[in-house]
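Here are some short notes for a first look. Please keep the structure open while reading.

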Amino acid sequence: MTPPALVLDGVTKVFDDGTRALDGVSLTVGRGELVTLVGPSGCGKTTALRVAAGLEPPTSGSVHLDADPAAVSFVFQDPTLLEWRTATANVALVPELRGVTRAERTERAHRALEDVGLGDALDKRPRQLSGGMRMRVSIARALVADPELALFDEPFGALDEITRLSLQTLLQGIFARRRFAGLFITHSVSEAVYLSDRVLVMGPGRVEAEVAVPFAHPRPPELRFTPEFAALAGDVSRLLERAGGEPTTASESSPSGVTTARGEPATASEGSPSGVTDARGDS
Ligand SMILES: Nc1ncnc2c1ncn2[C@@H]1O[C@H](COP(=O)(O)OP(=O)(O)OP(=O)(O)O)[C@@H](O)[C@H]1O
């Protein structure tokens, strides 16, 4: 069996000032699987991502990355583009640093930019681009490395709602075609359900529950308006509320696919679907 792309096993992170940001976090991201982390502010999502990326050492527990480190890409909330470089030159930077020839890196950058719908903006500088377009460049820069694992830290958090929805649709289409492993942090329940195969609900320092998302890829944008989608988002919202997060829109019925952190079925509501588990095992 192919090993998962990423495994965190019992990871604890205590910062020098004594803050216990992670307290026994275990999670896996399989190949070709997109996993989202949702949870209240300060529960440790970014820390988990940074530990996964090797940017922070865990205090205890282990991290297994089964990917070429050169094939791990990041997308942050801030697109962090170089203002003096064109969109193409920004995207080509990664292959440039790896010694890829100019002709090849330009071709790869153009392909990646076309993939994110920026075929008409290849020579534009960041200041000539809207916030959504800058984020597309940032996604293209992540894709140009042909990632085995892509790590996303709330990439769409600063965008307006319409841009955010269109970038979700874009990323979902790219994921359906390329099927990298992904770990994606978001505060949006609907974004988590629309994009991912599994939603991990975090409470302070811990993964409290896991919700399997059964919808096949590619996912049409209209999926977001179906009762099945609303039911699953409702389950995640309820689990998030229990974990200490802000309540979001919940629906009456519950989908299949929710388990608690210990793997027991969690009865989120009458007629709960299979697929929800609570990390603590209580429901
Ligand atoms: N370098 C650091 N030194 C000390 N404490 C830190 C450090 N980085 C994060 N923390 C603390 O660790 C906890 C978890 O922070 P983290 O940024 O991982 O949470 P988060 O869930 O990503 O929050 P948000 O949703 O607001 O981005 C917080 O209490 C935060 O203040």
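1. Start at the ligand. Helix H1, residues 45–52, gives the largest share of the shell around it, three residues. Bear in mind throughout that this is a predicted model.

2. Which residues are around the ligand? The list opens with Phe 15, Asp 17, Thr 19 and Ala 21. Gly 39, Ser 41, Gly 42, Cys 43 and Gly 44 are also there. Lys 45, Thr 46 and Thr 47 complete the set.

3. Now sort that shell by class. Seven of its residues are polar. Three are nonpolar, and two are charged.

4. Next, a helix pair. Helix H2 covers residues 87–97, and helix H4 covers residues 131–143. The two pack at an angle of about 30°, and their axes are 8 Å apart. Angles under 35 degrees count as roughly parallel, so H2 is roughly parallel to H4. The crossing of H2 and H4 is right-handed.

5. Which residues make the contact of H2 with H4? From H2 come Ala 87, Asn 90, Val 91 and Val 94. From H4 come Val 137, Ala 140 and Arg 141. By class, the contact of H2 with H4 has five nonpolar residues, one polar and one charged.

6. Last, the annotation. An unreviewed UniProt entry lists residues 6–229 as "domain: ABC transporter". In the model, that span is 33% helix and 26% strand. The C-alpha atoms at the ends of residues 6–229 lie 27 Å apart.

How values were computed. Residues are numbered from 1 along each chain as its sequence is written. This is a predicted model: local features need pLDDT of at least 70, side-chain atom pairs count only at pLDDT 80 or more; totals for chains, interfaces and linings use all residues. A residue is near a molecule or strand if its C-beta atom, placed from the backbone, lies within 6 Å of it. Helices (H or I, at least four residues) and strands (E, at least two) are DSSP runs, numbered from the N terminus. Ala, Val, Leu, Ile, Met, Phe, Trp, Tyr, Cys and Pro count as nonpolar, Asp, Glu, Lys and Arg as charged, and the others, Gly among them, as polar. Axes are lines fitted to C-alpha atoms, for helices over the stretch in contact, and angles run from 0 to 180 degrees between N-to-C directions. Angles under 35 degrees count as roughly parallel, over 145 as roughly antiparallel, 65 to 115 as roughly perpendicular and the rest as oblique. A crossing is left-handed if the near helix is turned anticlockwise from the far one by less than a right angle, and right-handed if clockwise. Two residues are in contact if their C-beta atoms, placed from the backbone, lie within 7 Å. UniProt positions are given in the numbering used here, feature names are shortened, and annotations may be inferred rather than shown by experiment.
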